[in-house]
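This report examines how parts of one protein chain are held against one another. Please keep the sequence and the structure in view while reading.

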Amino acid sequence: MRRRARLRERRQRRMAVYRRRRIAAAVGGVLALAVMVLAVFAQAASGVSRGAVPVNPGNAAPDTVVAEAAGVSIFSPIRPGDLTGLGYHPEGESLLPMEPRGKNLSLNPLLRLFVGESTPEGLRFYVMDGAGREGPDTGALDAGAPAGTPVYSPVTGTIVSIRPDPMVEGANVVEIQPKANPDVRVAVSLVESEGSEAGVKSPVTAGMTRIGSAADSAEVLDPQLSSYTGDAGNHVTVSVFPED
C-alpha cells in the first residue's frame, strides 16, 4: 500500500510540474503577443508610414540604386541628402515594372515588423494608390525633391530625346538609352533643363551627370507624393519602356 501511495504521489508531482510548465508557456506566448501588438501600435503611432526618411544619407553614395527594370539598374535621380520620398505608381500599360530596393512602407504595420531594412542605405519607399491608372503598380517612380533641386541621370547611357513635358509648362521629359539594355528607354519627366546641361546625344553617367533641375510641379498639379511625404510633393518621375 505504501509503495502504491508513493507511486501515486510521484505521478501527481510530475503532473503538477507538467501543468506549471504548460501554464508558463501559455503565459509567455500571451506576453510575446502583447509585446508584438504594442510594437505595432507604437510603430503606427510614430508615423513611420507617412513622412518617413526615404534613405540614410550617411550610408548612401550619390550613385545609389533604388530599383531595377529589364536588366537595368535605376539610380536615384536625386542626391540622397535632397530626397524627400520614393513613391511607385501605375502610369500606363506600356511601362515596364520596376523592382524596388528597400523597405515597403505601404505594408501594414504588422507585416513591417517582419520586413527589416533590406539595404545598407536604409531605403524606404511607398507603393502609392493606383488612382484608376492602368499598368504595373511599380511602372513609374516619383523621386521627391524641392523645386530647383539638381536632377541626375538615373542610368548610364546616352540621351536620345529631350521633349516638352505636357504636364508642366517649361519642364521637359529626358529620354535615355541605357548602356545595360539598349532595347529600352528610361524617361525622366518634370525636369527643367538649362543651357549648360547635357543635351541630345550626350553620354551620361548614372548618379553623376546632371540633366536639369526638379520643376515646381506643385504649382500646377496636386502631386500624389505630397500625401506620403507631408511636403509640397515636388518630384521627378522615372519610368522604363521598350524601344518602339
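Glu 175 has a relative accessibility of 12% and therefore counts as buried, since the cut-off for that class is under 20%. This and every other value below comes from a predicted model. The partner of Glu 175 in a salt bridge is Arg 163, and the closest N and O atoms of the two are 2.9 Å apart. Arg 163 belongs to strand β9 (residues 157-164) and Glu 175 to strand β10, so the bridge ties together parts that are 12 residues apart in sequence. Arg 163, with a relative accessible area of 35%, is partly exposed.

**Salt bridges**

How many salt bridges does a search of the whole structure find? The search finds 4. The table presents three pairs, including the one just described.

| Pair | Closest N and O atoms | Relative accessible area |
|---|---|---|
| Arg 163 and Glu 175 | 2.9 Å | Arg 163: 35%; Glu 175: 12% |
| Arg 101 and Glu 121 | 3.4 Å | Arg 101: 25%; Glu 121: 13% |
| Glu 243 and Arg 185 | 2.9 Å | Glu 243: 41%; Arg 185: 10% |

Arg 101 and Glu 121 form a salt bridge. That pair links distant parts of the chain, 20 residues apart: Arg 101 is in the loop between β4 (99-100) and β5 (103-104), while Glu 121 is in the loop between α2 (109-113) and β6 (124-127). Arg 101 is partly exposed, whereas Glu 121 is buried.

Glu 243 is joined by a salt bridge to Arg 185. Because Glu 243 lies in the segment after β14 and Arg 185 in strand β11, this pair ties together parts that are 58 residues apart in sequence. Here the acidic residue, Glu 243, is partly exposed, and Arg 185 is buried.

**Strand β11 and its partners**

Strand β11, which holds Arg 185, is mostly covered, with 8 of its 9 residues buried. With which strands does β11 pair? One partner is β10: the two strands run in the antiparallel sense and are paired over 4 bridges. Within that pairing, Val 186 of β11 stands opposite Ile 176. β10 and β11 also form a hairpin, with 5 residues between them.

Another partner is β14, which pairs with β11 in the antiparallel sense over 6 bridges. Val 188 has Val 238 of β14 as its bridge partner. β13 pairs with β11 as well, again in the antiparallel sense, over 2 bridges. In this case Glu 192 faces Ser 213 of β13.

**The nonpolar cores**

In soluble globular proteins, nonpolar side chains tend to be buried together. The largest nonpolar core of this model has 33 residues, and the members that touch the most others are Ile 74, Leu 86, Val 151 and Val 236. Elements giving two or more residues to this core include β1 (65-69), β2 (72-75), β3 (85-89), β10 (172-178) and β14 (235-242). Which element gives the most to this core? β11 does, with 4 residues.

Apart from this core lies another, of 6 residues, including Ala 52, Tyr 126, Leu 225 and Tyr 228. Leu 86 is in contact with Tyr 126 and Leu 225, among other residues more than four places away in sequence.

Met 98 is located in the loop between β3 and β4. At 2% relative accessibility, Met 98 counts as buried. Its contacts beyond four places in sequence include Ile 74, Tyr 88, Leu 141 and Val 238. Ala 140 is also touched by Met 98; the two residues are 42 apart in sequence, yet their C-alpha atoms are 7.7 Å apart in space.

**A buried charge without a salt bridge**

Asp 142 is part of strand β7. Although Asp 142 is buried, it has no salt bridge. Why does Arg 133, the nearest side chain of opposite charge, not form one with Asp 142? Arg 133 is 6.0 Å away, and a salt bridge requires the two groups to be within 4 Å, so the pair does not qualify. The side chain of Asp 142 does make a polar contact, at 2.7 Å, with the side chain of Thr 237. Leaving aside neighbours within four places in sequence, Asp 142 is in contact with several residues, among them Leu 86, Met 128, Leu 225 and Val 236.

Note on methods: Residues are numbered from 1 along each chain as its sequence is written. This is a predicted model: local features need pLDDT of at least 70, side-chain atom pairs count only at pLDDT 80 or more; totals for chains, interfaces and linings use all residues. Side-chain values use heavy atoms; hydrogens and water are left out. A nonpolar core is a set of buried Ala, Val, Leu, Ile, Met, Phe, Trp, Tyr and Cys residues joined through side-chain atoms within 4.5 Å. Buried means under 20% relative accessible area, exposed over 50%, partly exposed in between (1.4 Å probe, protein chains only). Contact means heavy atoms within 4.5 Å. Lys and Arg count as positive and Asp and Glu as negative; His and the chain ends are not counted. A polar contact is a pair of N or O atoms within 3.5 Å; within protein, one must be able to donate a hydrogen and the other to accept it, and residues adjacent in sequence count only if both atoms are side-chain atoms. Two strands pair if DSSP finds at least two bridges between them.
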